[in-house]
Amino acid sequence: STCRGFPLAAVYARRVNWNRHESAVATKDMLIRDAAESDLPAIIEIYNAAIATRAATAQLEPVTVESRRHWLTEHSPDQHPFWVLEIDGRVAGWLSFKSFLPRCAYRGTAELSVYVGEKFRRRGVARTLLEEAIMRAPSLGINAVVGLIFAHNEASLRLFERAGFARWGLLPQVARLDEVERDLAIMGRRV
């Protein structure tokens, strides 16, 4: 069957040629596909490393595979996908779409979350995932995407700005991380 002109598949996969520097010759093969249950250990390892930074998530304690098994069942490839990006067969990062707010009027807006494994940072993984999300969003019935990013996370703010996102709002001192109040930036983009 098809949805909005795109074939539905249990596994959405696309090979992406990646070039770290415009002038570089060597490329790496990246594979973006729907996350599977077997990916959860790698997904959780990446997420737990992000928790420790106190820059990427409001989660304060490490999580377990069992406590996050529901992540995959809450996502569907044709509405709110959960993708992993592989390099050389290893999960290098992940991106998820989720409902921005539960009211029906917001159904065309999705919140994006993107995380990259420590060994794969600064290699274009997050940029590639964001670009794919922006490209595929209209086929998912999404016309706007937002990222909720701590205002002190300058690297993520730059990443989203380079992907065409603008600052749509700022929630001052709404999070407390290790007794430090942090601002939350709302980065948004029409697609």
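**Figure 1. Just past helix H5 sits Gly-164, a residue with a positive phi.** In this predicted model, H5 is followed by Gly-164, and the phi of Gly-164 is near 90°. Look for this glycine as you leave the helix, then step back to the helix itself in the next view.

**Figure 2. Helix H5 has a buried side and an exposed side.** H5 covers residues 154-162, and Leu-157, Leu-159 and Phe-160 are buried there. Looking down the axis of H5, you would find its buried residues within an arc of 160°, so they line one face of the helix. What do these buried residues pack against? Their partners are strand S7, helix H4 (125-136), strand S8 (144-150), strand S9 (166-177) and strand S10 (180-190). On the face turned away from the buried side, H5 carries the exposed residues Glu-154 and Arg-162.

**Figure 3. Glu-111 is a buried residue of strand S7.** S7 runs over residues 109-116, and Glu-111 is part of it. Is Glu-111 buried or exposed? With a relative accessible area of 10%, Glu-111 counts as buried, because the cut-off for buried is under 20%. Leaving aside residues up to four places away in sequence, Glu-111 touches Ser-96, Phe-97, Lys-98, Ser-99, Phe-100, Val-146 and Leu-148. You can also try finding Ile-186: 75 residues separate it from Glu-111 in sequence, while their C-alpha atoms are 9.9 Å apart in space.

**Figure 4. The largest pocket is lined by 48 residues.** Its volume is about 1,400 Å³. Among the lining residues, those closest to the centre of this pocket are Val-114, Tyr-115, Ala-126, Ser-156 and Leu-159. Which helices and strands each supply at least two residues of the lining? They are helix H1 (40-53), strand S6 (90-99), S7, H4, S8, H5 and S9. Sorted by class, the lining has 26 nonpolar, ten polar and twelve charged residues. You met Leu-159 earlier, as one of the buried residues of H5.

**Figure 5. The second largest pocket takes the largest share of its lining from helix H1.** This pocket has a volume of about 240 Å³. Its lining is made of Ala-42, Glu-45, Ile-46, Ala-49, Arg-90, Val-91, Gly-117, Glu-118, Lys-119 and Phe-120. How many of the lining residues come from H1? The share of H1 is four residues, and both H1 and S6 supply at least two each. By class, five of the lining residues are nonpolar, one is polar and four are charged.

How values were computed:
Residues are numbered from 1 along each chain as its sequence is written. This is a predicted model: local features need pLDDT of at least 70, side-chain atom pairs count only at pLDDT 80 or more; totals for chains, interfaces and linings use all residues. Side-chain values use heavy atoms; hydrogens and water are left out. Buried means under 20% relative accessible area, exposed over 50%, partly exposed in between (1.4 Å probe, protein chains only). Contact means heavy atoms within 4.5 Å. The arc is that of the directions from the helix axis to the C-beta atoms. On a 1 Å grid over the protein atoms alone, a cavity is a set of points where a 1.4 Å probe fits but cannot get out, and a pocket is an open set with protein on both sides within 12 Å along at least five of seven lines; lining residues have an atom within 4 Å of a point. Grid points are joined across faces, edges and corners, and a volume is the space filled by probe spheres set on the points. Ala, Val, Leu, Ile, Met, Phe, Trp, Tyr, Cys and Pro count as nonpolar, Asp, Glu, Lys and Arg as charged, and the others, Gly among them, as polar.
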